[in-house]
Amino acid sequence: MTTYIESIVDTDATLDEADDLARAVVANLCDCGIILPTPQTHKFLANGPRYATGPNVLNAVDAINDCFPCGMDVSIGRNVYDTGQLGFELFCPNCKHRFDTEALDWTAPVGCWYDSGIVTHLECPKCSAPTSFTKWFSPPFGFGNLAFQFYEWFLKQEFVDHVSKLLHHQVIWVKAQY
Ligand SMILES: [Zn+2]
């Protein structure tokens, strides 16, 4: 069985502020009835998402898969949010040239960031411009210390904007399948 996960990744939050920000977002989403304060449960599910789907979920999503892993998890700590089986291409943020994933060594900057939090640059083989490696993934990957992950929810843009406003930070919306 595949699992579809959408993540709202805060790319600005520091490790120190992630806990407080997570609490504020969870409190707001519980107040709005988007999530419930209790874990998602199901007879076939040993470890469901930490926050179950709430009665007003349709305010946040265009659609929801009616299957048991529905709900929200909060992830705190430096992490990479990729697209899983949905795949990706690389493209230069400067000249917009597209490359296949073998054309550049993108794993080294990702590993460096994961280990140290340092953002290094990738140099474009076409235009030679060095740009932050985090901007090269299409569809986008998220690199951050805080993320909200939604299982089998197909989010609305307005909801992603709402979470971004609650955080007062930029977010990256990552869609993945595993
Ligand atoms: Zn370029």
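Reader: What counts as a helix or a strand here?

Author: The model is a predicted one. Its helices and strands are DSSP runs, numbered from the N terminus. A helix needs at least four residues of type H or I, and a strand needs at least two of type E.

Reader: How many helices and strands does the protein have?

Author: Along the sequence the elements follow the pattern β-α-β-β-β-β-α-β-β-β-β-β-α-β. Each α in that pattern stands for a helix and each β for a strand. The totals are three helices and eleven strands.

Reader: Why is the protein said to be as compact as a globular protein of its length?

Author: The globule rule gives 16 Å for 178 residues. The protein's radius of gyration is close to that value, so the protein is as compact as a globular protein of that length. The radius of gyration is 17 Å.

Reader: What share of the contacts in the protein join residues at least 24 apart?

Author: The contacts considered are those between residues at least 6 apart in sequence. Of these, the share that joins residues at least 24 apart is 68%.
As for burial, a residue is buried if 20 or more other C-beta atoms lie within 10 Å of its own. Buried residues make up 29% of the 178 residues, while the contact share asked for is 68%.

Reader: What separates the centres of domain 1 and domain 2?

Author: Domain 1 takes in residues 4-82 and 142-177. Domain 2 takes in residues 89-138. Taken over C-alpha atoms, the distance between the two centres is 27 Å.

Reader: Which strands stand at the edges of the open sheet of four strands?

Author: The order in this sheet is S3-S9-S1-S11, with antiparallel pairing. Two of its strands have a single partner strand each, so one side of each is left without a neighbour in the sheet. From one strand to the next the twist averages 25°. The edge strands are S3 (71-81) and S11 (171-177).

Reader: Which residue of S11 stands opposite Glu6?

Author: Strand S1 covers residues 4-10. S1 and S11 pair in the antiparallel sense over seven bridges. Opposite Glu6 in S11 stands Lys175.

Reader: At what angle to S11 does helix H3 run?

Author: Helix H3 is formed by residues 157-167. H3 lies across S1, strand S9 (142-151) and S11. Its angle to S11 is about 135°.

Reader: Why are Phe159, Val163 and Leu167 on the same side of H3?

Author: Phe159, Val163 and Leu167 are buried in H3. An α-helix has 3.6 residues a turn, so residues three or four places apart point the same way. The three buried residues of H3 are on the same side because the arc they cover around the axis is only 80°.

Reader: Which exposed residues does the face of H3 turned away from its buried side carry?

Author: The buried residues of H3 are covered by elements including S1, helix H1 (15-31), S9, strand S10 (153-155) and S11. Just after H3, His168 takes a positive phi of about 55°. The face turned away from the buried side carries Gln157, Glu158, Asp161 and Lys165.

Reader: Which residue of S8 stands opposite Glu89?

Author: An open sheet of three strands has the order S5-S4-S8 and antiparallel pairing. Strand S5 (98-99) and strand S8 (137-138) are at its edges, each with a single partner strand. Strand S4 (residues 89-91) pairs with S8 over two bridges. The residue of S8 opposite Glu89 is Ser138.

Reader: Which residue does a cis peptide bond join to Ser138?

Author: The omega of this bond is about -5°. The residue joined to Ser138 lies in the loop between S8 and S9. That residue is Pro139.

Reader: Is Lys96 buried or exposed?

Author: Lys96 is found in the loop between S4 and S5. Lys96 is not a glycine, yet has a positive phi of about 70°. A residue counts as exposed if 12 or fewer other C-beta atoms lie within 10 Å of its own. Lys96 has 11 C-beta neighbours inside 10 Å and therefore counts as exposed.

Reader: Is Ser128 buried or exposed?

Author: Ser128 lies in the loop between strand S6 (121-123) and strand S7 (130-132). Ser128 has a positive phi of about 70° although it is not a glycine. With 10 C-beta neighbours inside 10 Å, Ser128 counts as exposed.

Notes: Residues are numbered from 1 along each chain as its sequence is written. This is a predicted model: local features need pLDDT of at least 70, side-chain atom pairs count only at pLDDT 80 or more; totals for chains, interfaces and linings use all residues. Two strands pair if DSSP finds at least two bridges between them. Axes are lines fitted to C-alpha atoms, for helices over the stretch in contact, and angles run from 0 to 180 degrees between N-to-C directions. Two residues are in contact if their C-beta atoms, placed from the backbone, lie within 7 Å. The radius of gyration is taken over C-alpha atoms; the globule rule is 2.2 Å times the number of residues to the power 0.38. Domain bounds come from an automatic or database domain assignment. The arc is that of the directions from the helix axis to the C-beta atoms.
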